[in-house]
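Hi there,

Here is the structure I promised to pass on to you. Have a look at it first, and then read my notes underneath.

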Amino acid sequence: MSDSAVAPSVQTPVAGHAAGHAAGHGKKGLGNPVLGMLLFIVSEIMFFAGLFAAYFSLRTSATVWPPEGNPAFELHSEALFPAIMTALLVLSSVTCQIAVWRIRKGDRQGMNRALAITVALGVIFLIGQVYDYTQIGFGISDGVFGSTFYVLTGFHGAHVLGGVLMLAVCLYRGSLGQFSAEHHDMVEASSIYWHFVDVVWILLFALLYFI
């Protein structure tokens with residue numbers, strides 16, 4: 001039998017192995033940053049669930065809520081400014097998702113622009129929250145209502161700050177061209193965290209100012 005007749009039988013398994021190897025790498029599941037962020041958010045959900053449970057426990061045990069004696073506790077009458085800040089945070093979640101959509105298509109500049117807007121809106125929200133603290137009319141030491149309000153909003157503000165820092169790192173790395181349509185797990189993970197922070201604030205805003 002000639003060498004030409006033997007060659008296909010030798011090369012076929014090798015070619016098949018290479019094709020299978022390439023096919024295996026073509027299937028991409030959740031990256032480690034995204035999976036890690038999802039697991040982290042599960043723990044954060046339990047953390048905020050505990051805070052919400054403590055709030056409702058205090059609220060149901062009180063005869064009057066909010067407690068009487070301080071008109072500033074009637075937060076529904078001062079909801080306009082927080083509502084504006086809420087709208088900005090929701091808008092930042094939209095721009096964050098746009099950044100993800102852009103980089104999925106390989107548009108680095110579009111991603112960077114959307115991330116820059118998201119970071120700016122996050123910073124504005126934080127500044128607005130600090131300003132609101134100076135105008136709200138009660139402090140953390142003003143009874144159980146004051147302490148629960150500042151604990152809930154303060155912890156959320158800390159999470160917003162963490163999200164802003166993560167997105168700022170993404171923006172910095174994006175400006176260096178380190179993300180592409182195939183490799184942008186950090187952007188995806190940061191966007192998931194930012195959406196989570198947004199949802200938590202919407203719940204807090206509705207609970208503290210209207211319910």
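Below is what I found, mostly around one helix and its surroundings.

First, a heads-up: this is a predicted model, so keep that in mind as you click through it.

Let's start with helix α3, which runs over residues 80-104 and has 25 residues. From its first C-alpha to its last it reaches 37 Å, close to the 36 Å expected at 1.5 Å a residue. After α3 comes G106, which has a positive phi, near 80 degrees.

Now turn the helix around and look at what is hidden. The buried residues of α3 include P82, M85, T86, L89, S92 and S93. Further along, T95, C96, Q97, A99, V100 and I103 are also among the buried residues of this helix. What covers them? The cover includes α4 (108-135), α5 (143-175) and α6 (185-209). If you like looking for patterns in the numbering, here is a handy rule: an α-helix has 3.6 residues a turn, so residues three or four places apart point the same way.

The other thing to see on α3 is a nonpolar patch on the surface. V90, L91, V94, I98, W101 and I202 form this patch, and together they have about 490 Å² of accessible area. Which helix gives the most to the patch? That is α3, with five residues. Try finding W101, which sits in helix α3. W101 is partly exposed, with a relative accessible area of 47%.

Next, the cysteines. How many disulfides does the model have? The count comes to zero. C96 is in no disulfide, and the nearest cysteine sulfur, that of C170, is 8.1 Å away. Seen from the other side, C170 is in no disulfide either, with the sulfur of C96 as its nearest cysteine sulfur at 8.1 Å. A disulfide needs the two sulfur atoms within 2.5 Å, so a gap of 8.1 Å between C96 and C170 does not qualify. Are these two cysteines buried or exposed? C96 is buried, with a relative accessible area of 1%, and C170 counts as buried too, at 0% relative accessibility.

One last stop, and it brings you back to C170. S190 lies in helix α6 and is buried, with a relative accessible area of 3%. Leaving aside its neighbours within four places in sequence, S190 is in contact with M166, L167 and C170.

Have fun exploring, and write back if anything is unclear!

Cheers

Definitions and conventions. Residues numbered from 1 in each chain as written. Predicted model: local features only at pLDDT ≥ 70, side-chain atom pairs only at ≥ 80, totals over all residues. Heavy atoms only, no water. Helix = DSSP H or I, 4+ residues; strand = E, 2+ residues; numbered from the N terminus. Expected span 1.5 Å × (residues − 1). Buried < 20%, exposed > 50% of the residue type's maximum accessible area, 1.4 Å probe, protein only. Contact = heavy atoms within 4.5 Å. Patch = residues over 30% accessible without salt bridge, like charges linked within 9 Å, V, L, I, M, F, W, Y side chains within 5 Å. Areas by Shrake-Rupley, 256 points an atom, 1.4 Å probe, with all protein chains shown as cover. Salt bridge = Lys/Arg side-chain N within 4 Å of Asp/Glu carboxyl O.
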